[in-house]
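Please walk through this protein with me, beginning with its overall makeup and moving on to the places where its helices meet. The sequence and the model come next.

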Amino acid sequence: MGDYAKALGSKLRAIRQQQGLSLHGVEQKSGGRWKAVVVGSYERGDRAVTVQKLAELADFYGVPVAELLPEGRVPSGSEPATKIVINLERLQQLPADKVGPLARYAAAIQSQRGDYNGKVLSIRAEDLRSLAIIYDKTPGELTDQLIDWGVLPPEARPAHRVD
């Protein structure tokens with residue numbers, strides 16, 4: 001199996017261990033539905049897990065399926081822009097009631113980095129996801145809003161997106 005299967009297996013193992021379950025414990029708790037040897041082979045990446053089985057495992061563990069997927073691997077077409085550059089000059093021109101959370105977040109990042117050029121600030125996709133939670137939007141909706149405000153350039157919008 002490939003690196004993706006091993007990364008998926010690591011996520012499965014981490015979720016199981018967070019719940020304080022051994023492989024045998026999974027078999028017991030599931031009433032034999034999930035055999036220890038099978039779950040172990042998924043976790044080692046030795047055995048391919050189908051989407052259906054992954055969904056069933058997520059349900060068994062009580063977590064969203066997305067929590068079981070390895071980080072950094074998003075199906076193509078739904079990846080956020082690779083470089084997210086906030087226009088700080090434009091941000092300062094907007095009403096604080098609209099951009100307050102973003103302005104505070106940007107200021108915190110600037111402080112952390114010691115980066116006070118005041119013109120632009122590069123952030124990670126993870127930062128955008130965090131901001132989206134603050135604004136109660138999906139990352140795609142927030143990207144659209146930031147483009148509308150002129151804080152992000154139009155090319156920050158991915159061609160195809162799934163929120």
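Helices (H or I, at least four residues) and strands (E, at least two) are taken here as DSSP runs, numbered from the N terminus. This is a predicted model, in which local features need pLDDT of at least 70 and side-chain atom pairs count only at pLDDT 80 or more, while totals for chains, interfaces and linings use all residues. Residues are numbered from 1 along each chain as its sequence is written, and side-chain values use heavy atoms, with hydrogens and water left out.

The protein holds nine helices and two strands, and the order of its elements from the N terminus is α-α-α-α-α-β-α-α-β-α-α. Of its 163 residues, 35% are buried, where buried means under 20% relative accessible area, exposed means over 50%, and partly exposed lies in between (1.4 Å probe, protein chains only). The accessible surface amounts to about 9,800 Å², with 52% of that belonging to carbon and sulfur atoms; such areas come from the Shrake-Rupley method with a 1.4 Å probe, and for residues only the protein chains shown count as cover. If contact is taken as heavy atoms within 4.5 Å, then among contacts between residues at least 6 apart in sequence, 57% join residues at least 24 apart.

A good place to look in detail is helix α3. Seven of the nine residues of α3 are buried, which leaves the helix mostly covered; the buried ones are Ala36, Val38, Val39, Gly40, Ser41, Tyr42 and Glu43. The cover over these buried residues of α3 includes α1, α2 (23-29) and α4 (51-61). Just after α3 comes Gly45, whose phi is positive, near 80°.

How do α1 and α3 lie relative to each other, at what angle do their axes cross? The axes of helix α1 (residues 3-18) and helix α3 (residues 36-44) come within 6 Å and cross at roughly 125°, the axes being lines fitted to C-alpha atoms, for helices over the stretch in contact, with angles that run from 0 to 180 degrees between N-to-C directions. This crossing makes α1 oblique to α3, since angles under 35 degrees count as roughly parallel, over 145 as roughly antiparallel, 65 to 115 as roughly perpendicular and the rest as oblique. On the α1 side the contact is made by Ala5, Lys6, Gly9, Ser10, Leu12, Arg13 and Arg16, and on the α3 side by Tyr42, Glu43 and Arg44.

Charged side chains also take part at this meeting of helices. Side chains of opposite charge can pair when their charged atoms come close. With a salt bridge defined as a side-chain nitrogen of Lys or Arg within 4 Å of a carboxyl oxygen of Asp or Glu, the count comes to six. In one of them Glu43 pairs with Arg13, the closest N and O atoms being 3.6 Å apart; Glu43 lies in helix α3 and Arg13 in helix α1, so the pair ties together parts that are 30 residues apart in sequence. Glu43 is buried because its relative accessibility is 3%, whereas Arg13, at 26%, is partly exposed.

Another salt bridge joins Asp46 to Arg44, with the closest N and O atoms 2.8 Å apart. Here Asp46 is partly exposed at 48% relative accessible area, and Arg44 is partly exposed as well, at 43%. Salt bridges that share partners also join Arg13, Arg16 and Glu43 into one network.

Further along the chain, helix α8 (residues 125-134) packs against α9 at an angle of about 90°, their axes being 9 Å apart, and that makes α8 roughly perpendicular to α9. Leu128, Arg129, Leu131 and Ala132 of α8 make this contact with Pro139, Leu142, Thr143 and Leu146 of α9. Thr143, found in helix α9 (residues 139-149), is buried with a relative accessible area of 5%. Leaving aside residues up to four places away in sequence, Thr143 touches Leu128, Leu152, Ala156 and Arg157. In the same part of the chain, the side chains of Asp127 and Arg124 meet in a salt bridge (3.0 Å, N to O), and Asp127 counts as buried at 6% relative accessibility.
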